[in-house]
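Visitor: Hey, can we poke around this protein together? I'd like to hear about its empty spaces and its helices.

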Amino acid sequence: MIEPIALTAGNRVRFLDQTLLPQEEVWIETTDAEVVAEAIRSLRVRGAPLIGIAAAYGLAAVAANSHASDRGALLAEIESAANILRATRPTAVNLAWAIDRMLNEINGARDADEVRLTAVREAMAIHREDVDGNKRIGKNGAELIPTGTTILTHCNAGALATGGYGTALGVIRAAHAQGKVERVLATETRPLLQGARLTAWELVADGIPASLIPDSAAGHMMNRGAIGAVVVGADRIAANGDTANKIGTYQLAVLARENGVPFYVAAPLSTIDLATASGDAIPIEERSPEEVRAIRGVKIAADGVEAINPAFDVTPNRFISAIVTNAGVAKAPYHESLAALFRSEVTARG
Ligand code: MRU
């Protein structure tokens, strides 16, 4: 199972450049927070949990490789790297969550050596917990999938979007291992084609029967009874269950409701933002219109046409059948069930 990121023995961040997939597998190594930030902005490293892990490793690399000998100077360097990383993308809450968790731990360290050790240890813990959490998401979600189900997924919420294994693809992997998956339908996911380039790549590598469909084919296929469940990931889930995910998710949820197809969101607790009351308050990233007018540098639109490129949309909680997390499955009313999952997690950790 691919893990798209690691901290090397020399405390360098090593990550797969996802913009080049599936044609090329190029790995980048750096100790520079600006290189990590550029990778997040340009989607070399993408997916809500993965950008959190990348930022954490970026801070660990800065801490471990800094020449600062006193605690104050080292903390100032880390703080300035944290500011650069935090400003890269606005929608996925995992980014701010991971940076805050890192700074919280690091600030408790007594001297520069302890700051370095703490930064490396905490970043590795964030990564490991994400992978373990995804396996629990997979197990919890697979219980909702009946045998013989064709599952539609959107964008890439797989190993490549996380520390490894995946959230929505974690559910699909676990259900497939239990012999329940008839076929996976992966939407292309225009404009940047995460479904065609990344999800299809993961499914083929795992030998899971899969078909790629145009984004616009989902309604037709649901209407023909060809889809038994929709499972998607999330970039931020508000306290009331409203869910921001890759653009196009909302229309899939509405279509699923219209056609009586269950619509599941799979995400770790780190994607749930109890401080944001509802989806209206989730910031939606606007990306360059060039991503709509061209595919990998090849112009596909009329010269001079304007384009609009919101990267995410919000699915209102009423369209969501269940939110599958590492701590269990939440159902409506979500403001109660999501808060209860956090309480159970705190109790479980003692
Ligand atoms: O713009 P991206 O590729 O970073 O988009 C994020 C996503 O991968 C999806 O929205 C995904 O479904 C949630 S992240 C597991």
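Visitor: Okay, which residues line the second largest cavity?
Guide: Quick note to begin with: this is a predicted model. The lining of the second largest cavity is made up of Thr-189, Arg-190, Pro-191, Leu-192, Gln-194, Lys-246, Arg-287, Glu-291, Asn-309 and Ala-311.

Visitor: How much space lies in the second largest cavity?
Guide: About 50 Å³. Its lining splits into 3 nonpolar, 3 polar and 4 charged residues.

Visitor: And how many cavities of 30 Å³ or more are there?
Guide: The count comes to 2. The largest cavity holds about 190 Å³ of space, and 21 residues line it.

Visitor: Which of those are closest to its centre?
Guide: Look for Arg-46, Gly-47, Ala-48, Asn-156 and Asp-235.

Visitor: Which element gives the most to the lining of the largest cavity?
Guide: That's α2, with 3 residues. Two elements give two or more residues to this lining, α2 and β9 (243–246). By class, the lining of the largest cavity has 9 nonpolar, 8 polar and 4 charged residues.

Visitor: Let's switch to pockets. How much space lies in the largest pocket?
Guide: About 440 Å³. It's lined by 21 residues, and the closest to its centre are Trp-97, Glu-129, Leu-269, Asn-326 and Arg-349.

Visitor: Which elements give two or more residues to that lining?
Guide: Those are α2 (48–65), α4, α5 and α11 (334–349). The largest share comes from α5, which gives 7 residues.

Visitor: How do the residues of that lining divide by class?
Guide: You get 8 nonpolar, 6 polar and 7 charged in the lining of the largest pocket.

Visitor: What about the second largest pocket, what's its volume?
Guide: About 280 Å³. There are 16 residues lining the second largest pocket, and Thr-19, Ser-42, Leu-192, Arg-197 and Arg-296 lie nearest its centre. Leu-192 may ring a bell, since you met that residue in the lining of the second largest cavity too.

Visitor: Which elements each supply at least two residues there?
Guide: For the second largest pocket, it's α7 (194–206) and β12 (294–295). The lining has 6 nonpolar, 4 polar and 6 charged residues.

Visitor: Cool. Back to α5 then, how does it cross α4?
Guide: The axes of α4 (residues 93–107) and α5 (residues 112–142) cross at roughly 145 degrees and come within 9 Å.

Visitor: Is that crossing left-handed or right-handed?
Guide: The α4 and α5 crossing is right-handed.

Visitor: Which residues meet there?
Guide: On the α4 side you have Trp-97, Ala-98, Arg-101, Met-102, Glu-105 and Ile-106. On the α5 side, the residues include Val-115, Thr-118, Ala-119, Arg-121 and Glu-129. The contact divides into 9 nonpolar, 1 polar and 5 charged residues. Trp-97 and Glu-129 also came up among the residues closest to the centre of the largest pocket.

Visitor: And α3 with α5, at what angle do they cross?
Guide: Roughly 35 degrees, with the axes of α3 (residues 71–86) and α5 coming within 8 Å. From α3, the contact uses Arg-71, Leu-74, Leu-75 and Ile-78, and from α5 it uses Ala-112, Val-115 and Arg-116.

Visitor: How do the residues of that contact divide by class?
Guide: The contact of α3 with α5 has 5 nonpolar, no polar and 2 charged residues. Notice Val-115 of α5 here, which is also part of the contact with α4.

Notes: Residues are numbered from 1 along each chain as its sequence is written. This is a predicted model: local features need pLDDT of at least 70, side-chain atom pairs count only at pLDDT 80 or more; totals for chains, interfaces and linings use all residues. Side-chain values use heavy atoms; hydrogens and water are left out. Axes are lines fitted to C-alpha atoms, for helices over the stretch in contact, and angles run from 0 to 180 degrees between N-to-C directions. Helices (H or I, at least four residues) and strands (E, at least two) are DSSP runs, numbered from the N terminus. A crossing is left-handed if the near helix is turned anticlockwise from the far one by less than a right angle, and right-handed if clockwise. Contact means heavy atoms within 4.5 Å. Ala, Val, Leu, Ile, Met, Phe, Trp, Tyr, Cys and Pro count as nonpolar, Asp, Glu, Lys and Arg as charged, and the others, Gly among them, as polar. On a 1 Å grid over the protein atoms alone, a cavity is a set of points where a 1.4 Å probe fits but cannot get out, and a pocket is an open set with protein on both sides within 12 Å along at least five of seven lines; lining residues have an atom within 4 Å of a point. Grid points are joined across faces, edges and corners, and a volume is the space filled by probe spheres set on the points.
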